[in-house]
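Thank you for making time this morning. Please have a look at the protein on the screen, and then I will walk you through it piece by piece.

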Amino acid sequence: MWEDRYAGAGEYLFGRAPAGVLTENPWVLDGARTALCVADGEGRNSVHLARQGLDVTAFDLSLTAVGRANALAAEAGVTLATHISTWEGWDWSRQFDLVAAIFVQFMTPDARPAQFATLRDAVRPGGRLLLHGYRPEQVDYGTGGPPSRAQMYTPDLLRDHFGDWHIDRLAAYDREVQEGRGHSGPSALIDLVARRPG
Ligand SMILES: C[S@@+](CC[C@H](N)C(=O)[O-])C[C@H]1O[C@@H](n2cnc3c(N)ncnc32)[C@H](O)[C@@H]1O
């Protein structure tokens, strides 16, 4: 479904500029040398991190999206280690200073605990996870994301899963988002930045 969506779009579906959460919170990179961008799509976020000097690894299941990520990196004059991989196929034993999970709400609630567990595994002790997505109210806006309240995040849900880490930021807010055709219009957002103990 994702491959068809990207191939059919014929352009950068989520734009070429990074998600606002990265530009609005540059401090999340402090002290980081390596980053993993999970389900990174067309590379807008991984290229931004590489432009800030990080050594960036990224994966997505879509061949077309990863091709666009490589093209965006070449245009920007940066190098990315890109991989075509499913979430399930990724080697989660590799650890990074920063793990960026931006709009990865494609898993159903029953699969989400395992998805969050893999994200936790990929952060080195002392490193950070940045998780950015939509809240249930987003379904009423209908301006991006799956049409399923159950797949969205609430502050309580994120506290339940990451409350044992140091929470640098947990913010729920509404904002006009213009990130390609895929995310366009008023949006109900949520950010978590959490630091793994150790
Ligand atoms: C909403 S897009 C977000 C892309 C990117 N993170 C961004 O912010 O531009 C969700 C991405 O998840 C990828 N995806 C969906 N299911 C996946 C899976 N099981 N394994 C890996 N990637 C997946 C899709 O190909 C798509 O690129």
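**A covered helix and its surroundings**

Let me start with helix α3, residues 44-51, which is mostly covered, seven of its eight residues being buried. A residue is called buried here if 20 or more other C-beta atoms lie within 10 Å of its own, exposed if 12 or fewer, and partly exposed in between, with the C-beta atoms placed from the backbone. Helices (H or I, at least four residues) and strands (E, at least two) are DSSP runs, numbered from the N terminus. I should say at once that this is a predicted model, in which local features need pLDDT of at least 70 and side-chain atom pairs count only at pLDDT 80 or more, while totals for chains, interfaces and linings use all residues. Residues are numbered from 1 along each chain as its sequence is written.

Which residues of α3 are buried? They are R44, N45, S46, V47, H48, L49 and A50, and they pack against α2 (20-24), β1 (34-38), β2 (55-60), α4 (63-76) and β4 (96-102). After α3 comes G53, whose phi is positive, near 100°.

Two of those buried residues, N45 and L49, turn up again among the contacts of A100, which also touches A35, C37 and L130, leaving aside residues up to four places away in sequence; contact means that the C-beta atoms, placed from the backbone, lie within 7 Å. A100 is also one of the residues that touch the most other members of the largest nonpolar core, together with A35, V99, A101 and L130, in a core of 51 residues. Such a core is a set of buried Ala, Val, Leu, Ile, Met, Phe, Trp, Tyr and Cys residues joined through C-beta atoms within 7 Å.

Turning to the strands, β6 (residues 166-179) and β7 pair in the antiparallel sense over 13 bridges, where pairing requires that DSSP finds at least two bridges between the strands. D174, for instance, has A188 in β7 as its bridge partner, and in the hairpin of β6 and β7, with three residues between the strands, G180 takes a positive phi near 75°. On β7, residues 183-195, there is also an antiparallel pairing with β5, residues 123-134, through seven bridges, and R128 has R195 in β7 as its bridge partner.

Stepping back to the whole, the protein has seven helices and seven strands, and 41% of its 198 residues count as buried.

Definitions and conventions: Two residues are in contact if their C-beta atoms, placed from the backbone, lie within 7 Å.
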